[in-house]
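Okay, everyone, thanks for coming. Let me put the sequence and the model up on the screen, and then I'll talk you through a couple of things.

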Amino acid sequence: MKRVFLIFIFLLPFWLFSQTPHIDSLRKKLTLLKDSARIDCINELGLQFIGLSVKDSAAYYEKSAYDQSAALHYNHGLAVSTSLMGTSETHFYNNFTEAEKLGKQSVNYYQKTSNKDGLAANYSQLSFACFSQSRYDEASYY
């Protein structure tokens, strides 16, 4: 048992390091991108940090994407960033009411754009938020 624990401690830094190459490549690309492509990259960074459970970085990229999307009137960017904010509320805080509110805002933004990429994930998150509040009929609707 002790040997397994030592191997785990030895390999853990390598495993953690292997989780960041995608983030590093996105950060490098970010400097070259403009407008909606930049916002899409920022949203992807936010998603990656949610997956790694890095709360502050996820919140930073979500807010940055939201602000830049609002400045450009980029509805798909607004939809994805609000969806990610809802995911963060669920993942980090178990705040299902706020997650539901943000999910519904995201659906409204998705209705204003022809790009529906990410809508299914948003509906899944919205369904989970309603289910977690014991509102099963509404959860099954989403």
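I'll go through the pocket and then the salt bridges.

Quick housekeeping: this is a predicted model, so to speak, with local features needing pLDDT of at least 70 and side-chain atom pairs counting only at pLDDT 80 or more, while totals for chains, interfaces and linings use all residues. Residues are numbered from 1 along each chain as its sequence is written, and side-chain values use heavy atoms, with hydrogens and water left out.

Right, the pocket. By pocket I mean an open set of points on a 1 Å grid over the protein atoms alone, where a 1.4 Å probe fits, with protein on both sides within 12 Å along at least five of seven lines; lining residues have an atom within 4 Å of a point. The largest one comes out at about 350 Å³, where the volume is the space filled by probe spheres set on the points, joined across faces, edges and corners.

So what lines the largest pocket? There are 16 residues, and Leu 47, Val 80, Leu 84, Asp 117 and Gly 118 lie nearest its centre. The elements giving two or more residues to that lining are α3 (35-51), α5 (75-93) and α7 (119-132); helices here are DSSP runs of H or I, at least four residues, numbered from the N terminus. The largest share, 5 residues, is from α5. By type, the lining splits into 5 nonpolar, 8 polar and 3 charged, with Ala, Val, Leu, Ile, Met, Phe, Trp, Tyr, Cys and Pro as nonpolar, Asp, Glu, Lys and Arg as charged, and the others, Gly among them, as polar.

On to salt bridges, meaning a side-chain nitrogen of Lys or Arg within 4 Å of a carboxyl oxygen of Asp or Glu. The whole structure has 6. One of them pairs Lys 101 with Glu 98, closest N and O atoms 3.6 Å apart. Those two sit 3 residues apart in helix α6 (residues 96-111), about one helical turn.

Now Glu 100 and Arg 135: their closest N and O atoms are 2.3 Å apart. This pair links distant parts of the chain, with Glu 100 in helix α6 and Arg 135 in the loop between α7 and α8 (136-141), 35 residues apart. Is Glu 100 buried or exposed? Buried, at 7% relative accessible area, whereas Arg 135 is partly exposed at 27%; the cut-offs are under 20% for buried, over 50% for exposed, partly exposed in between, with a 1.4 Å probe and protein chains only.

Arg 135 also bridges to Glu 138, at 2.8 Å. Put together, Glu 100, Lys 104, Arg 135 and Glu 138 are linked in a salt-bridge network.
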